[in-house]
Amino acid sequence: MGWKGILGFDYGVVQAPLGPDISGPELVAAVANAGAIGLLRLPEWPAPDQVRNLIRKTRRLTEKPFGAAIVLAFPHDENLRVVLEEKLAVLQVYWGEFPRERVDEAHRAGVKVLHQVGSLEDAAKAKEASVDGIIVQGREAGGHVIGQEGLLPLLPRVLGLVSDSGISVIAAGGIVDGRGYAAALALGAQGVCLGTRFLATEESFAHPLYKKRITEMNCTDYTNVFGRARWPGAPQRVLKTTFYDQWKNLPDQETEENQPIIGHTIIHGVHRDIRRFAGTVPNATTTGDIDSMVMYAGQGVGLITEIIPASEVVNRIVAEAQHVIRKAF
């Protein structure tokens, strides 16, 4: 096993599931081939055939283990069934409860479970469910943020909570390089989960302009402007684009439902209209007014200056963390 491996993987690096389909087979396979944990972002509606296709396409691109992620706030039973039938290495769950009986079901299929949380209370539920790993997401993270606490105050509390168990703890939120990896390890985490850094890779399915903005911009904001009707009560961290600055004080009663269509996209094979203030980031198929669409990003975005292969992200972060730790000790 390589340096700081977790859950049977070479490295303690997890590629966050990037929605709606940004972390597709190409990105996940590239991450897996580099020895890290790649996670497919599954549809937010019942689509068992599409889920199976995604898994099998990924397997054609890598012989290494990988996983898939489910947002529990949306219908997911049929998609989960396929994940277990295909016996993926890892299932990541988020934004909802995944009790002991569901974890046991996954374990019987040989699937390890990672539960992402944003509070000590949710971490306690995940521990009670006997998950294999807990991803602790700080408020610095990009995209939909489930908790209100920063990573540094929350992470040690979760580590203390699970110290009497064999549960791996993975830090998420604002981490983009080996220095962040080393800092998380110094606090006691066993791994790190990166989203924004993997978004700006050659293999990610994000729109080229979205990737470009990630490398150009360094400011984010925590907001609820986008996707209010479809996913209420789900705040997000976004790039402070010109469009966002113009509309960041949108009245609370306004939602995307009565807004004009500003673009079109294909998500997991389904054609969709994109309305102004929708919570749908532009993928590679998206057309229309891209700069007026939401662009999720974490607070570490200012450290990302180039689009590189996903394997290079993994190799760099591991090498840099090793260097930082050796230098410190």
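Between domain 1 and domain 2 of this predicted model, the count of salt bridges is 1. The partners are Glu 44 and Arg 230, whose closest N and O atoms are 1.9 Å apart. In addition to that ion pair, I would draw your attention to the polar contacts: 13 residue pairs across the interface of the two domains satisfy the rule, with both residues at pLDDT 80 or more.

Which elements supply the domain 1 side of this interface with at least two residues each? They are helix 2, covering 48–61, strand 7, covering 143–144, and helix 8, covering 196–199. By residue class, the side of domain 1 that touches domain 2 comprises 16 nonpolar, 11 polar and 7 charged residues.

Allow me to place this interface in the chain as a whole. Domain 1 consists of two segments, 13–204 and 306–328, while domain 2 spans 208–301. The C-alpha centres of the two domains lie 23 Å apart. In terms of contacts, 34 residues of domain 1 meet 28 residues of domain 2. The area buried between the domains is about 2600 Å², and 63% of it lies on carbon and sulfur atoms. Within domain 1, the residues losing the most area to domain 2 are Trp 45, His 144 and Leu 199, which together account for 23% of what that side buries.

I turn now to the sheets. One of them is an open sheet of 3 strands in the order 7-11-10, with antiparallel pairing. Strand 7 and strand 10, the latter at 220–223, each have a single partner strand, so one side of each has no neighbour in the sheet. Strand 10 runs antiparallel to strand 11, residues 236–239, and 4 bridges join them. Within this part of the sheet, Thr 223 stands opposite Gln 236 of strand 11. Strand 7 therefore appears twice in this account: as an edge of this sheet, and among the elements supplying the domain 1 side of the interface.

A further open sheet also has 3 strands, here in the order 13-12-14, and its pairing is antiparallel. Which strands stand at its edges? These are strand 13, at 270–275, and strand 14, at 287–288; each has a single partner strand, so one side of each is left without a neighbour in the sheet. Strand 12, residues 261–267, pairs with strand 14 in the antiparallel sense over 2 bridges. His 264 is the residue standing opposite Thr 287 in strand 14.

How values were computed
Residues are numbered from 1 along each chain as its sequence is written. This is a predicted model: local features need pLDDT of at least 70, side-chain atom pairs count only at pLDDT 80 or more; totals for chains, interfaces and linings use all residues. Side-chain values use heavy atoms; hydrogens and water are left out. Domain bounds come from an automatic or database domain assignment. Contact means heavy atoms within 4.5 Å. Buried area is the accessible area (1.4 Å probe) that two parts lose on being put together, summed over both. A salt bridge is a side-chain nitrogen of Lys or Arg within 4 Å of a carboxyl oxygen of Asp or Glu. A polar contact is a pair of N or O atoms within 3.5 Å; within protein, one must be able to donate a hydrogen and the other to accept it, and residues adjacent in sequence count only if both atoms are side-chain atoms. Helices (H or I, at least four residues) and strands (E, at least two) are DSSP runs, numbered from the N terminus. Ala, Val, Leu, Ile, Met, Phe, Trp, Tyr, Cys and Pro count as nonpolar, Asp, Glu, Lys and Arg as charged, and the others, Gly among them, as polar. Two strands pair if DSSP finds at least two bridges between them.
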